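Student: Could you take one part of this structure and look at it closely with me? I would like a connected account of how that part is put together and what surrounds it.

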Amino acid sequence: MGGPDVRPVVILADDDEAITSNLAPFLHRAGFTVHVASDGNAALELVERLDPDGCVLDVLMPGPDGREVLRRLRRGGRWLPVVLLTQVGESAERAIALDEGADDYLNKPFDPYELLARLRAVLRRARPGRRPLSASPTVRAGDLRLDRISRRAWLRDAELVLTPKAMLLLDYLFTHPDELLTRERLLEVLWGFDFPVGTRAVDNRIAELRRALGDDPARPEWIATVPGQGYRFVAQVDDAR
Amino acid sequence: MTRPATGTLLRGSAPALGGVALGVILQAADPRLRLYVAGSVALVAVLAGLAGTAVTVIVIVARRRAAAASAASAAAVRQVAEEAAQDRLRFFMRLDHELKNPLTAIRAGLANIEQGGGLALASAGTVAAVASVSVQADRIARLVSDLRKLADLETREIETAPVDLTALLDEVAEAVAEIPAARERIIRVTVPRAPWPLPLVAGDRDLLFIAVQNLVANAVKFSAPGDTVEVRASEDDDALLLEVADTGAGIPADEIGQVWQELARGRAARSLPGTGIGLALVRVIVVRHGGQVAIRSRDGQGTVVGIRLAVPDRARIAPDVAGLRQDRDTPGMAAV
């Protein structure tokens, strides 16, 4: 995504023509070159042929479904950013599961502008030719290390004791560094969907993480508060080999 | 468990002694269960008569049999209830599945119209019509996803950590205070602190928060400026009781049986925003915690909603109190 004239190429894979015929022109007008695939095999073929910048995959498709397409891409060393279109209630844990390595996910029916925002964010975060954080088994930020497969974290040599939800949140923060993460979005991460009420649940889990990390909210090393909006993981994240 | 034949058989053959209470709680959720409750009351009467005869013969054997029958029928009732829940879950999933794609397409189509600048030259009437379609599409999307969330909560694994309801009620009070209408209500939270504080309950703190918050928000919503909303917690031997009471409009007698149902919206609620999912959500959360819900209301006088939650063995839970009490993260809390 170099100069202003370079339009990122994305694959939009969904078997419902009503969706692709409306979303493709929307994404096109927003500055993308869009190629539509109507099933999993077509999506794999397009990725192979076009080497696109990103991919939007519906989970329910004929042939290999979205998850299977994603697994095959990752197995084949294709590290392009992928947004999965999932079902309400599918836990985020599953949607961002490491064996699949999706960079983000969105529940249908979604707001198209939200898809646009997520797609732009994953493209911005992309590290061309390198494995995305979302597909890395271990990640590191300063003295903090996270083993995403066993779901364990260490601060220097001490292992952190965290509730499963706090661990899930830490994983999401780690794999979405430097992004403004609203409470609503983090709530969706914790629960697989947004609840109609109460975002204190997110504040409580963030507080748990900060206590475990000894992170001072006034001078955060890892988790910064964005007043009135949400949180941001401010540490530099790398693969931990 | 999912075979309809089994369900019919069980519904037909399940006499319920212990099942009556459960049946009454669940009857709002499924009309078939309501029939079943009526049927089981008759069966109880018949069973009672039979038992009376048996007593004259061999008392001990009859007691043992009654106990066994009661346990078996309770299990049968549970299975019927589970199947009803499964049916509903499947229906919500199908509904969600059938509606999510058209809704996604409608939203994308609307975004196209907006983004394409087509509205710049359109008449005021067209602009208004498109705006209206957009609002209504969002409304359907919210409704469908609310139903799906409800179905999801019925099956997902529930965390069971010790929860301090005293702290939770403080948080609920804070959250409710942010509702503009709450400033015009008198809101009182009464939590016993002597001779000992409320016991901890085992559960998912986030879900319990949502349940209580919904009840208090409802009390605010269905009352008028100057009305009183009371949140009262108390303890009896092995349970914790929580009541949310208001001096609001109350619920007409003919509507009270439906309040726990999904999408139930009373006549008074029709002029107010909402999807009618709140109390159904409360019920699912409480039932998933092994608790019970109850409602008393007088039209024109107000409503009391009660939640009863079992308190786990105190000896086991007490040592964790200090460690698990949730601290506030005041310095890090972002402005809302």
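Tutor: Happy to! Let's settle one term to begin with: a residue is called buried if 20 or more other C-beta atoms lie within 10 Å of its own, with the C-beta atoms placed from the backbone. By that count, buried residues account for 32% of the 336 residues in chain B of this predicted model. Chain B contains 10 helices and 7 strands. If we take the contacts in chain B between residues at least 6 apart in sequence, 74% of them link residues at least 24 apart.

The part to look at closely is the sheet of chain B. It is an open sheet of 5 strands with mixed pairing, and across it the order reads S2-S4-S5-S7-S6. At its edges are strand S2 (186-190) and strand S6 (292-298) of chain B, each of which pairs on one side only. From one strand of this sheet to its neighbour, the turn is 15° on average, with direction ignored.

Now zoom in on the S6 edge. Here S6(B) is joined to strand S7 (residues 302-310) of chain B by 7 bridges, and the two run antiparallel. To find your place in this pair, look for Ser297(B), which faces Thr303(B) in S7(B). Helix H6 (residues 165-177) of chain B packs on the sheet, where it touches S2, strand S4 (228-236) and strand S5 (239-246) of chain B. The direction of this helix makes about 170° with that of S2(B).

For company, here is some strand pairing in chain A. Strand S7 (residues 144-147) and strand S8 (residues 152-155) of chain A are antiparallel and share 4 bridges, with Leu144(A) partnered by Leu155(A) in S8(A). Their hairpin has 4 residues between the strands, and in it Arg151(A) adopts a positive phi near 55°. S8(A) also pairs, again antiparallel, with strand S9 (residues 158-159) of chain A, over 2 bridges. In that pair Trp154(A) sits opposite Glu159(A). This second hairpin has 2 residues between its strands, and Arg156(A) has a positive phi near 50°.

Chain A also offers a helix pair: the axes of helix H6 (residues 164-175) and helix H8 (residues 200-213) of chain A come within 9 Å and cross at roughly 85°. Angles of 65 to 115 degrees count as roughly perpendicular, so that is how H6(A) and H8(A) stand to each other. Lys165(A), Ala166(A), Leu169(A) and Leu170(A) of H6(A) make the contact with Arg205(A), Glu208(A) and Leu209(A) of H8(A). By type, the residues of this contact are 4 nonpolar, no polar and 3 charged.

Note on methods. Residues numbered from 1 in each chain as written. Chains lettered and ligands numbered in written order. Predicted model: local features only at pLDDT ≥ 70, side-chain atom pairs only at ≥ 80, totals over all residues. Pairing = 2+ DSSP bridges. Axes fitted to C-alpha atoms, helices over the stretch in contact; angles between N-to-C directions. Contact = placed C-beta atoms within 7 Å. Buried ≥ 20, exposed ≤ 12 C-beta atoms within 10 Å, placed from the backbone. Parallel < 35°, antiparallel > 145°, perpendicular 65-115°, else oblique. Nonpolar A, V, L, I, M, F, W, Y, C, P; charged D, E, K, R; others polar.
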